[in-house]
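Please find below some comments on the structure you sent round, set out as numbered points. They follow the contact between the two chains, then the interior of one of them, and end with details of the backbone.

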Amino acid sequence: MSGWVRAPGVLWRTALDGAVLLPPDADEPLVLNAPGAALWALLAEPIEFDAAAAALAEEAQVDTERVADDIAPLLRELDAAGAVTYQP
Amino acid sequence: MSGRTGAALLRAVAAYGLSAAGPSLPPRPLDDGAWDRLLAAVRVHRLDGLLAAAVSADALPTTPQQREEAARAHTAAMATCLALERLLCDIDEEFDAAHIPLRVLKGSAFAHLDYGDPAVRCFRDVDVLVPAQHLEQAVGVLVAAGCKRQVPELRPGFDRRFGKSLTLTVPDGFEIDLHRTLALEPFGLAIDTDDLWDAGEPFRVGDRTLLALPAEQRLLHACYHAALDNNPPQLLPLRDVAQLALEGVADPGRVLVLADRWAGAAVLARAVREAWDTLGVADAVHLSEWAKRYRPTRQESRMLLVHTVLGRRHAEKAVAALSFIPGVDAKAAYLHAMLLPQRAFLRQRGVGYSNWLRQGVRSLLSARHRGRHA
């Protein structure tokens, strides 16, 4: 199955109203808010960007395009931090 | 909120999520002063995870600002736990390469194996167990990695033969407790350390599989920690005892067999009774009923007294420990170390040799006096 997925070795915990991640090479933890934590939950299994946006939009009962705009920078940030990887 | 109300509220947080727990959480948000005091106490007692769980479920109603403060405190506590788990994985990797067996104790192991969500159980250091014969090698590995031992050994070889644990500080300030056994003498010397190396229970941290003690030994360790390491017992260790006894998978029959073999039945009874009383646990289980009925022997009472009331009086601990040290040579080595610690140990403790000896004699005399009047 292809798509975005959590990178191996990322340590994480749920937090009140979010999640905290510590990627293998990061000096500082990443703190996610509630929508970010919802994305993180989806990334337990590989998922394509569009499918993730659609799932989150359905859960929050909002427009998919709006969610896609919101999660695109977050996914880029997670990728840059080594917290996620794209599985072809 | 009075001091007593504050203490009851803190106990209610510590008991949150246990079935039919006694102290109750307030039905409406606390005023700001009471909230600030609660938050400060929660931090001291490492209860941020339980507070967050109670707030998240709305079992403890909060104002928006209070919720934000609870979230901030929990996030900080979780960031610390993750940094410690990274350290734990590094230690596991180093020890693995050096062929040093390891079991994870308390914090991370309890969080992953005994609480439904590891975010509920906070911890502030790393505790690992290594076999006695690997202890010095393990210290060498950690020192080579930049860690510093906090207190020099009483005498060379003491830790490997008689010690409970030693503490090393990592350059970033975290502490590693390297254990040989689960308690200080005399109880620690009565533990059959072979029992600690039964097949470990695996759990995942990141992409590593770590090993913890089996469920029964884990519950007993929670009891030793709760009943002996602080007087009065602290809330989080008591919560661990209740959590493992109520929600864990330990076989109570096997726990009692091990406790008996380790001369630790009185420790188990004290910890379970304190957990049930302090947290107001209403559920009766096999161990809580047994603990209620248990009456310690005279020797057990004396051993508990050494730990709980007499604190750090090394001479009384030494006398109580002698009956658990097999063989004349080992007894002599133990006494030699207690009477004649190496200079570096005394220097670090800020005490001269004559003072050390005087303190020992004084506490022995008072022990004899207490013994006569018991």
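**Notes on the predicted model**

1. Between chain B and chain A there are eight residue pairs in polar contact, with both residues of each pair at pLDDT 80 or more; the model is a predicted one, and the values that follow should be read in that light. On the side of chain B that touches chain A, the elements giving two or more residues are α3 (48-56), α4 (64-97) and α5 (107-113) of chain B. Of these, α4(B) brings the largest share, with twelve residues. Sorted by class, that side of chain B has 14 nonpolar residues, alongside five polar and five charged ones.

2. As to the extent of the interface, 24 residues of chain B are in contact with 19 residues of chain A, and the two chains bury about 1500 Å² between them, of which 64% lies on carbon and sulfur atoms. Three residues, B:T75, B:L82 and B:R86, supply 40% of the area that chain B buries against chain A, which is more than any other three residues do.

3. Which residue of chain A forms a salt bridge with B:E85? The partner is A:R13, and the closest N and O atoms of this pair are 3.0 Å apart. Between chain B and chain A the count is two salt bridges, while the structure holds 15 over all chains. In general, side chains of opposite charge can pair when their charged atoms come close.

4. Within chain B, the side chains of B:D127 and B:K106 meet in a salt bridge, at 3.8 Å from N to O, a value to be read against the cut-off of 4 Å used for such pairs. This pair links distant parts of the chain, since B:D127 belongs to strand β2 of chain B, whereas B:K106 sits in the loop between β1 and α5 of chain B, 21 residues apart.

5. B:D127 also appears in the lining of the largest cavity, together with B:L88, B:V104, B:L105, B:G107, B:S108, B:F123, B:D125 and B:V126. The volume of this cavity is about 40 Å³, and the structure holds one cavity of 30 Å³ or more. At least two lining residues come from each of β1 (103-105), α5 and β2 (126-129) of chain B. By class, the lining has five nonpolar, two polar and two charged residues.

6. Two peptide bonds of chain B deserve a comment on their geometry. A cis peptide bond joins B:E185 and B:P186, with omega about 5°, and B:P186 has its place in the loop between β5 (175-179) and α8 (187-190) of chain B. The bond from B:N231 to B:P232 is likewise cis, with omega near 0°, and here B:P232 is found in the loop between α9 (215-228) and α10 (235-247) of chain B.

7. Is the phi of B:D58 positive or negative? It is positive, near 65°, in a residue other than glycine, and B:D58 lies in the loop between α3 and α4 of chain B. By way of background, most residues other than glycine have a negative phi, and most peptide bonds are trans.

Key: Residues are numbered from 1 along each chain as its sequence is written. Chains are lettered from A and ligands numbered from 1 in the order in which they are written. This is a predicted model: local features need pLDDT of at least 70, side-chain atom pairs count only at pLDDT 80 or more; totals for chains, interfaces and linings use all residues. Side-chain values use heavy atoms; hydrogens and water are left out. Contact means heavy atoms within 4.5 Å. Buried area is the accessible area (1.4 Å probe) that two parts lose on being put together, summed over both. A polar contact is a pair of N or O atoms within 3.5 Å; within protein, one must be able to donate a hydrogen and the other to accept it, and residues adjacent in sequence count only if both atoms are side-chain atoms. Helices (H or I, at least four residues) and strands (E, at least two) are DSSP runs, numbered from the N terminus. Ala, Val, Leu, Ile, Met, Phe, Trp, Tyr, Cys and Pro count as nonpolar, Asp, Glu, Lys and Arg as charged, and the others, Gly among them, as polar. On a 1 Å grid over the protein atoms alone, a cavity is a set of points where a 1.4 Å probe fits but cannot get out, and a pocket is an open set with protein on both sides within 12 Å along at least five of seven lines; lining residues have an atom within 4 Å of a point. Grid points are joined across faces, edges and corners, and a volume is the space filled by probe spheres set on the points.
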